[in-house]
Amino acid sequence: MEFTRGGRPVPMGQLERWVTFSTFGDAELVSLTGEIDLANAPEIGKAIIERIEKAGKVLIDLTTVSFLDSAGVRLLDALIGDCHDHAIPARLVVGETGAARMTLQLCAFREDVLATDLDRAAADLTG
């Protein structure tokens, strides 16, 4: 699959600078890093949706995100909403401090889906 950035193709290898996938326990782990903004949020969103549509549980790690603009916040809101609509438990891991936590708190993002670390997030999903 090929994504575009400003009308030009973005190779999947470049997309991996912002998003990687793995597992954490029985959850799909999506790790985001760097700047998540209008320039890359659509590509990131498409990649995440393709990966998590069959997941039982989803953790999205934002602890190494250095900048999150309104497009990034909208992306996270849409992902959490889609997971909720499909009965897929999901949590955003934002750490104790950092750009993602600060931005989401300023936007009054849902506190019930935020966790400070992966272990707590995974525990939230199991019970």
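Author: Contact means heavy atoms within 4.5 Å, and angles between axes run from 0 to 180 degrees between N-to-C directions. The model discussed here is predicted.

Reader: How does H2 lie relative to the strands, and at what angle to E4?

Author: H2 lies across E3, E4 and E5. Its direction makes about 175 degrees with E4, on a scale that ends at 180 degrees. Helix H4 (residues 99-106) also packs on the sheet, where it touches E5, E6 and E7. The angle between H4 and E5 is about 95 degrees.

Reader: What is the order of the strands in the sheet?

Author: The order is E3-E4-E5-E6-E7, in an open sheet of five strands with mixed pairing. E3 and strand E7 (114-115) each have a single partner strand, so these two stand at the edges, and one side of each has no neighbour in the sheet.

Reader: What makes E3 and E4 a pair?

Author: Pairing takes at least two bridges between the strands. E3 and E4 are joined by six bridges, so they count as paired. The two strands run antiparallel. One of the bridge partners is Glu28 in E4, which is matched with Thr23. The hairpin of E3 and E4 has two residues between its strands, and Gly25 there takes a positive phi near 65 degrees.

Reader: Why is the pair of Lys57 and Asp26 called a salt bridge?

Author: The rule asks for a side-chain nitrogen of Lys or Arg within 4 Å of a carboxyl oxygen of Asp or Glu. In Lys57 and Asp26 the closest N and O atoms are 3.0 Å apart, so the pair meets the rule. Lys57 is in the loop between helix H2 (41-52) and strand E5 (58-68), and Asp26 is in the loop between strand E3 (19-24) and strand E4 (27-36), so the salt bridge ties together parts 31 residues apart in sequence.

Reader: Are Lys57 and Asp26 buried or exposed, and how do you know?

Author: Lys57 has a relative accessibility of 16%, and the limit for buried is under 20%, so Lys57 counts as buried. Asp26 has a relative accessible area of 55%, and exposed means over 50%, so Asp26 is exposed.

Reader: Which residues does Lys57 touch, leaving out those up to four places away in sequence?

Author: Lys57 touches Asp26, Ala27, Glu28, Ile88, Pro89, Leu125 and Thr126. With Asp26 there is also a polar contact between side chains, at 3.0 Å. The cut-off for a polar contact is 3.5 Å.

Reader: How do you know that Asp124 and Arg91 form a salt bridge?

Author: Their N to O distance is 3.7 Å, and the rule allows a distance within 4 Å, so the pair qualifies. Asp124 belongs to helix H5 (residues 118-126) and Arg91 to strand E6 (residues 90-93), so this pair links distant parts of the chain, 33 residues apart. Asp124 is partly exposed at 38%, whereas Arg91 is buried at 17%.

Reader: Why are Asp112 and Arg110 called partly exposed?

Author: Partly exposed is the class between the 20% and 50% limits. Asp112 stands at 48%, so it falls in that class. Arg110 stands at 38%, so it does too. The side chains of Asp112 and Arg110 meet in a salt bridge, with 2.7 Å from N to O. Elsewhere, salt bridges with shared partners join Glu96, Asp117 and Arg120 into one network.

Reader: How many salt bridges does the rule give?

Author: The count comes to six.

Conventions. Residues are numbered from 1 along each chain as its sequence is written. This is a predicted model: local features need pLDDT of at least 70, side-chain atom pairs count only at pLDDT 80 or more; totals for chains, interfaces and linings use all residues. Side-chain values use heavy atoms; hydrogens and water are left out. Helices (H or I, at least four residues) and strands (E, at least two) are DSSP runs, numbered from the N terminus. Buried means under 20% relative accessible area, exposed over 50%, partly exposed in between (1.4 Å probe, protein chains only). A polar contact is a pair of N or O atoms within 3.5 Å; within protein, one must be able to donate a hydrogen and the other to accept it, and residues adjacent in sequence count only if both atoms are side-chain atoms.
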